[in-house]
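Colleague: I am new to this structure. Please take one part and look at it closely, starting from a single residue and working outwards.

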Amino acid sequence: MTTLHSTPISPAIGSEIHGLDLAKPLPEETLVNLRQTLADRGVIFFRDQELTPDQHLAFARSFGGIEINRFFTPVPGQPEIAEVRKEPDQKKAIGEAWHTDCSYDTEPALGSILYAREVPPNGGDTLFASMYAAYEALSPGLQKMLCTLKAVHSSVHIFGATGALANKDMANRIGNPDAAKQYSVHPVIITHPVSGRKAMYVNRAFTTHFEGWTPEESAPLLQFLYKHAEKPEFQCRFNWKVGSMAFWDNRCTWHYAANDYHGHRRLMHRITLAGTTLG
C-alpha cells in the first residue's frame, strides 16, 4: 500500500499528514492508511487545504455516515456541517473543557473533522489527549477494576434548558435545549475496534456517574481519572491556520479548545461521523 508521509506531533498522540489534497477524491488504499493512522494516533492533522463545504462533506463521507448535531448552529444551507464560532464580543468558547464528543449517545460519534475558516492572529489552539496512554499508565489493579465498570453519560446538564451552556453568550451558537434528553451507558474501558488497544472512556463534560453507584460515590474516582488523563505527557497541541484540518477519533481521545483569544473572531466548520456501539 502507498505509504503516508506523516510527522508525529507528540510521542503519545497526533500525526500531521503531508502531501494530500483533500479537495480531490482519495484512492481507497490511501483511505485505508488514513483510517489505520487515525486509530493508532488518535488525531491526524492536515495543513493548507482549500475546501468548499461540499468537498469537506465528500472527504468526511469517505469514512462513514454523517451525524447532524442537535445543538450547534449549522452552516447556512449545510445542515450536516456545524459552526464552531466565537465572535469578538463573546467570552465563552465552545469546547473549553476536556471532553469527548457525543458520548451521551447510545452509539457515540466515531470522530469529528474540524476545518479552520477564520482564526485569531494568535491563540485559539486545540489540545488533544490520548485515552490509550491514560489507560496504559494506570496500575494493573486499577485497570482490572475499571474493566468491570460502566458509566452513565448525559447531554441534559450541558445542553438542556438549565444546562451549562444555557446562557446569553451562547445565543445563536448553541440551541435546541428540548432535544437534550440523551442518557447512555458505556464501558469505562473500551477496546478500539481498529487498533485493538484499550482506552479509557469517561470525560469531564458528559460522564455523570458509574452505573450502580451514586454521583457522590462516583465523584472521587472520576476526579482521579480526569486529573490522571489530563497529564501533559498524554497530550499534543495544535496551532490553527486558515485551511488547517484536525480529524480525531472520539473513541480514544479527549480534546480541549483554548479560550485565550478574546476580541477576535474564530470560525470553524465541524462534521461529525456517526458511530457504533462501544465495547
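Modeller: Start at A246, which sits in strand β15 (residues 245–249). Helices and strands here are DSSP runs, numbered from the N terminus; a helix is H or I with at least four residues, a strand is E with at least two. Two points on the source come before the details. Residues are numbered from 1 along each chain as its sequence is written, and side-chain values use heavy atoms, with hydrogens and water left out. The model is predicted, so local features need pLDDT of at least 70 and side-chain atom pairs count only at pLDDT 80 or more, while totals for chains, interfaces and linings use all residues.

Back to A246. The residue is buried, at 0% relative accessible area. Buried means under 20%, exposed means over 50%, and partly exposed lies in between, with a 1.4 Å probe and protein chains only. Its contacts, meaning heavy atoms within 4.5 Å, reach across the sequence. Not counting neighbours within four places, A246 meets I44, F45, S112, I113, L114, F128 and W240. For scale, N33 is 213 residues away from A246 in sequence, and their C-alpha atoms are 16 Å apart in space.

F128 is the contact to follow. It is one of the residues with the most contacts inside the largest nonpolar core, along with L146, F159 and M200. A nonpolar core is a set of buried Ala, Val, Leu, Ile, Met, Phe, Trp, Tyr and Cys residues, joined through side-chain atoms within 4.5 Å. This core has 61 residues. A second core is separate from it; that one has 25 residues, including L22, L34, F46 and L51. In soluble globular proteins, nonpolar side chains tend to be buried together.

M200 shows what one of those core residues touches. Beyond its neighbours within four places in sequence, it is in contact with M131, A134, Y135, V188, I189, L225, A229 and W254.

Now the sheet. Three strands form an open sheet in the order β14-β8-β16, paired antiparallel. Two strands count as paired if DSSP finds at least two bridges between them. β14 (235–238) and β16 (253–257) are at the edges; each has a single partner strand, so one side of each has no neighbour in the sheet. From one strand to the next, the twist averages 20°. Such angles run from 0 to 180 degrees between N-to-C directions, along axes fitted to C-alpha atoms, for helices over the stretch in contact.

β8 (residues 126–130) and β16 are joined by five bridges in the antiparallel sense. T126 pairs with A257 of β16. S130 pairs with T253 of β16. β16 is also largely enclosed by the rest of the structure, because four of its five residues are buried.

β16 leads on to open space. The largest pocket has a volume of about 460 Å³. Its lining counts 27 residues, and I94, G95, E96, A97 and H99 lie nearest its centre. The elements giving two or more residues to that lining are α5 (156–159), β16 and β17. A pocket, on a 1 Å grid over the protein atoms alone, is an open set of points with protein on both sides within 12 Å along at least five of seven lines; a cavity is a set where a 1.4 Å probe fits but cannot get out, and lining residues have an atom within 4 Å of a point. Points are joined across faces, edges and corners, and the volume is the space filled by probe spheres set on them.

There are three cavities of 30 Å³ or more. The largest holds about 50 Å³. Residues such as E67, F72, P79 and R270 are among its lining. β6 (78–86) and β17 (266–273) each give two or more residues to it, and β6 gives the most, with four.

Finish past α5. L165 lies in the loop between α5 and β10 (183–187). L165 is buried, at 18% relative accessible area. It touches K92, I158, F159, M170 and I174, leaving out residues up to four places away. The same loop also holds N172 and N176. N172 is exposed at 63%, and N176 is partly exposed at 44%. Neither is a glycine, yet phi is positive in both: near 70° for N172 and about 55° for N176.
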